[in-house]
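Visitor: I am new to this structure and would like a close look at a single part of it. Please begin with the packing of the interior, and then lead me outward from there.

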Amino acid sequence: MDSVKPLSGLSNSFDTLMVSGGVEIRQAQNGGTETSLTDWKDLPMELLLRIMSIVGDDRMVIVASGVCTGWRDALGWGVANLSLSWCRDHMNDLVISLAHKFTKLQVLSLRQIKPQLEDSGVEAVAKYCHDLRELDLSRSFRLSDWSLYALAHGCPHLTRLNISGCSNFSDAALVFLGSQCKSLKCLNLCGCVRAASDRALQAIACNCGQLQSLNLGWCDSITDKGVTSLASGCPELRAVDLCGCVLITGSNSSKFTLFCLIDLNSFRIILLVY
């Protein structure tokens with residue numbers, strides 16, 4: 001993974017905050033002894049979280065979490081968003097080492113340039129990050145059904161899930177995920193050629209009534225039957241991407257169903273991209 005210089009980065013952020021007036025040097029009431037912050041190791045937890053928000057670098061957050069147990073606990077409770085997409089090597093090991101530290105994560109991006117993530121990494125996230133709402137696993141070519149089963153058990157509050165390009169997932173695993181993660185609002189299945197089937201769409205339509213956006217790009221086994229089930233089962237649906245879905249016939253009956261639903265639900269838009 002990329003190398004980071006923790007002390008210099010934290011010191012620079014500390015100095016910047018001190019110069020800008022972010023820290024007050026206060027006089028102690030008893031005995032007149034002056035108490036001040038002179039080093040990054042003296043930072044109280046509230047100030048540490050503030051500095052991390054100013055730095056805006058998730059790599060620095062990770063480094064800070066390894067300084068001591070106090071900092072680890074503070075960041076574990078205070079950090080809700082984390083992206084590891086910058087990690088070019090050994091992402092799976094990094095995820096496993098961090099999952100137990102950041103148990104309050106709500107947004108996690110594990111998007112990869114080259115496939116690194118394995119089932120064991122996703123299982124670690126599912127084991128510890130039960131408050132997760134948004135997860136990006138796009139381009140995770142090494143993942144199998146075990147990852148979806150783990151997420152279904154451990155992260156039932158997911159509202160946004162991107163598994164585009166995860167071509168190893170089966171429709172059985174996607175069906176189970178939909179049965180457990182019933183709060184899904186945005187689901188990206190682009191390129192999930194095995195997972196995205198009419199059976200899976202019917203299960204999603206049955207369980208995920210809050211769904212608003214669905215990407216089915218290049219899922220070439222989808223037919224009118226699956227799309228029609230979505231149209232009738234997901235009243236909040238705003239956008240569906242069907243680019244590359246060659247089995248969608250465009251028959252008058254399926255088009256009529258979609259257009260009628262647009263009229264009946266306050267101009268909600270279903271986007272068909274052929």
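Guide: Two residues are said to be in contact when heavy atoms of theirs lie within 4.5 Å. The model is predicted, so local features need a pLDDT of at least 70 and side-chain atom pairs count only at pLDDT 80 or more, while totals for chains, interfaces and linings use all residues. Residues are numbered from 1 along each chain as its sequence is written, and side-chain values use heavy atoms, with hydrogens and water left out.

Let us begin with L216, which, leaving aside neighbours within four places in sequence, is in contact with L189, A196, L201, L230, V240, D241, L242, C243 and C245. The largest nonpolar core has 71 residues, and L216 and L84 are the two that touch the most other members. Such a core is a set of buried Ala, Val, Leu, Ile, Met, Phe, Trp, Tyr and Cys residues joined through side-chain atoms within 4.5 Å; buried means under 20% relative accessible area, exposed means over 50%, and partly exposed covers what lies in between, with a 1.4 Å probe and protein chains only.

Two places after L216 in the numbering comes W218, in the loop between β8 (213-215) and α10 (224-233), where helices are DSSP runs of H or I with at least four residues, strands are runs of E with at least two, and both are numbered from the N terminus. W218 counts as exposed at 52% relative accessibility, and its phi is positive, about 65°, although it is not a glycine. R139, in the loop between β5 (134-136) and α7, also has a positive phi, near 70°, in a residue other than glycine, and at 33% relative accessibility R139 counts as partly exposed. A further loop residue, S197, sits between β7 (186-188) and α9 (198-207); it is buried at 12% and touches D171, S221 and I222, with residues up to four places away in sequence left out.

A helix to compare with these loops is α3 (residues 58-65), which is largely enclosed by the rest of the structure because six of its eight residues are buried, namely M60, V61, I62, V63, A64 and S65. The relative accessible area of A64 is 0%. Beyond four places in sequence, A64 touches M52, W71 and L75, and the C-alpha atoms of A64 and M52, twelve residues apart along the chain, are 8.7 Å from each other. At the N-terminal end of α3, D57 acts as a cap, with a side-chain oxygen 2.9 Å from the backbone nitrogen of R59.

Finally, we come to the aromatic rings. The structure holds two aromatic pairs. The ring centres of W146 and Y149 are 6.5 Å apart and the planes stand at 70°, so this pair is edge-to-face. Rings of Phe, Tyr and Trp (its six-membered ring) pair if their centres lie within 6.5 Å, and planes under 30 degrees apart count as stacked, over 60 as edge-to-face and the rest as tilted. Both W146 and Y149 belong to helix α7 (residues 145-154), three residues apart, about one turn of the helix. W146 is exposed, at 59% relative accessible area, whereas Y149 is partly exposed, at 27%. Ring pairs join W146, Y149 and F176 into a cluster.

Definitions and conventions: Polar contact = N/O pair within 3.5 Å; in protein donor to acceptor, adjacent residues only side chain to side chain.
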